[in-house]
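Here are my notes on the model you sent over. Have the structure open while you read, and check each point as you go.

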Amino acid sequence: MSISYLILMPLLVVVLAFSYNFIWKIIHEYTHLAALKLLVGKELYSYKINLKSHRLGDDRVSASISWKARELTREEHGLIAIAPHVIEFLACLCFMLSSLFLINDFMRQHFYMFFIWATFWLGGVIDLLADANSNTESSDLNVFADCYEIDRFEVRYTAWTIGYLSIFAGLAFIWIVL
C-alpha cells in the first residue's frame, strides 16, 4: 500500500474537515444576514458577525450574528433563524446526489473532484446535525420552534432524520455506483 493511502489521505480528510467547518460557519452566519436584509431591508441599522467561539447569554456558541434593526415580528425572527437550514437541506440533497458524479468515466479517473464535492456538502449536513444536537435557548432550531409555536423536539427530530437519512442514502448510493 502506498504512502498516500496511509498518511496523505487521512491528513487531507482532517484538513478538509477543519476548513469546511469554518466555511460552513461563514455560510451559516451570512445566510442569517441575507435573510435579515431581505426581511428588514433599509431598516437594518448595523450588524456584527462573530466567527469565534464565545458566550451568548448563558450558552457557548461557535459563531453568532447580532444586529440592530426595527422591531422584528416573531415570524420574521423565526425565518431568520431557519434560513441557514434551508441551505443545509440543499447540502443534504447534494450529498445524496454526489454519487451521480461517479457514473461518468471522467470522474472515476479524477476521483479527487468527487471527493472534494462530496465532503464539502457533507460539511453542510454535519452543520445541520450539530444544530439538531444543540439543546440551548439560542439554537436556531429552538428559536424557530418557539417563534412558530412548534414542539422543539419535533423540529430537532426532523433535522436529525433529514441529516442522517441523507448520510446513509448518500453513502449507499456511492457504494452502489462504485
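The points below run from the overall fold to single residues and salt bridges.

1. Overall layout. Keep in mind that this is a predicted model. The protein has 6 helices and 4 strands, and reading along the sequence gives α-β-β-β-β-α-α-α-α-α. So much for the order of elements; as for dimensions, the C-alpha atoms fill a box of roughly 60 × 30 × 30 Å along the principal axes.

2. Burial and surface. Of the 178 residues, 39% count as buried. The exposed area of the protein is about 10,800 Å², and carbon and sulfur atoms supply 68% of that. On the contact side, take the pairs with a separation of 6 or more: 63% of those contacts are between residues 24 or more positions apart.

3. Helix 4. This one covers residues 111-133, which makes 23 residues. From first C-alpha to last it reaches 32 Å, close to the 33 Å expected at 1.5 Å a residue. Which residues of helix 4 are buried? The list runs to Phe114, Phe115, Ala118, Trp121, Gly123, Gly124, Val125, Asp127, Leu128, Leu129, Asp131 and Ala132. Do look at the two aspartates there, Asp127 and Asp131, which are listed as buried along with residues such as Trp121 and Leu128.

4. Gly78. You'll find this glycine in helix 2 (residues 74-97). Is Gly78 buried or exposed? Its relative accessibility is 0%, and anything under 20% is called buried, so Gly78 is buried. Leaving out residues up to four places away in sequence, Gly78 touches Phe144, Cys147 and Tyr148. Lys52 is another matter: 26 residues separate it from Gly78 in sequence, and the two C-alpha atoms are 24 Å apart in space.

5. The nonpolar patch. Ile7, Leu8, Leu11 and Val15 make a nonpolar surface patch of about 370 Å². Leu8 sits in helix 1 (residues 3-40). With 49% relative accessibility, Leu8 counts as partly exposed, because the exposed class takes over 50%.

6. Salt bridges, first look. The count comes to 5 salt bridges. One of them joins the side chains of Glu76 and Arg70, at 2.9 Å from N to O. Glu76 is buried at 14% relative accessible area, and Arg70 is partly exposed at 22%.

7. Arg74 and Glu149. Here the closest N and O atoms of the salt bridge are 3.7 Å apart. Arg74 belongs to helix 2 and Glu149 to the loop between helix 5 (140-147) and helix 6 (152-177), so the pair ties together parts 75 residues apart in sequence. Arg74 is partly exposed, with a relative accessible area of 43%, while Glu149 is exposed at 68%.

8. Arg152 and Glu137. These side chains also meet in a salt bridge, at 2.9 Å from N to O. Arg152 lies in helix 6 and Glu137 in the loop between helix 4 and helix 5, so this pair links parts that are 15 residues apart in sequence. Glu137 is exposed, at 54% relative accessible area. There is also a network to check: salt bridges with shared partners join Glu43, Arg70 and Glu76.

Definitions and conventions:
Residues are numbered from 1 along each chain as its sequence is written. This is a predicted model: local features need pLDDT of at least 70, side-chain atom pairs count only at pLDDT 80 or more; totals for chains, interfaces and linings use all residues. Side-chain values use heavy atoms; hydrogens and water are left out. The expected span of a helix is 1.5 Å times one less than its number of residues. Buried means under 20% relative accessible area, exposed over 50%, partly exposed in between (1.4 Å probe, protein chains only). Contact means heavy atoms within 4.5 Å. Patches are made of residues with over 30% relative accessible area and no salt bridge: like charges are joined within 9 Å, nonpolar side chains (Val, Leu, Ile, Met, Phe, Trp, Tyr) within 5 Å. Accessible areas come from the Shrake-Rupley method with a 1.4 Å probe; for residues, only the protein chains shown count as cover. A salt bridge is a side-chain nitrogen of Lys or Arg within 4 Å of a carboxyl oxygen of Asp or Glu.
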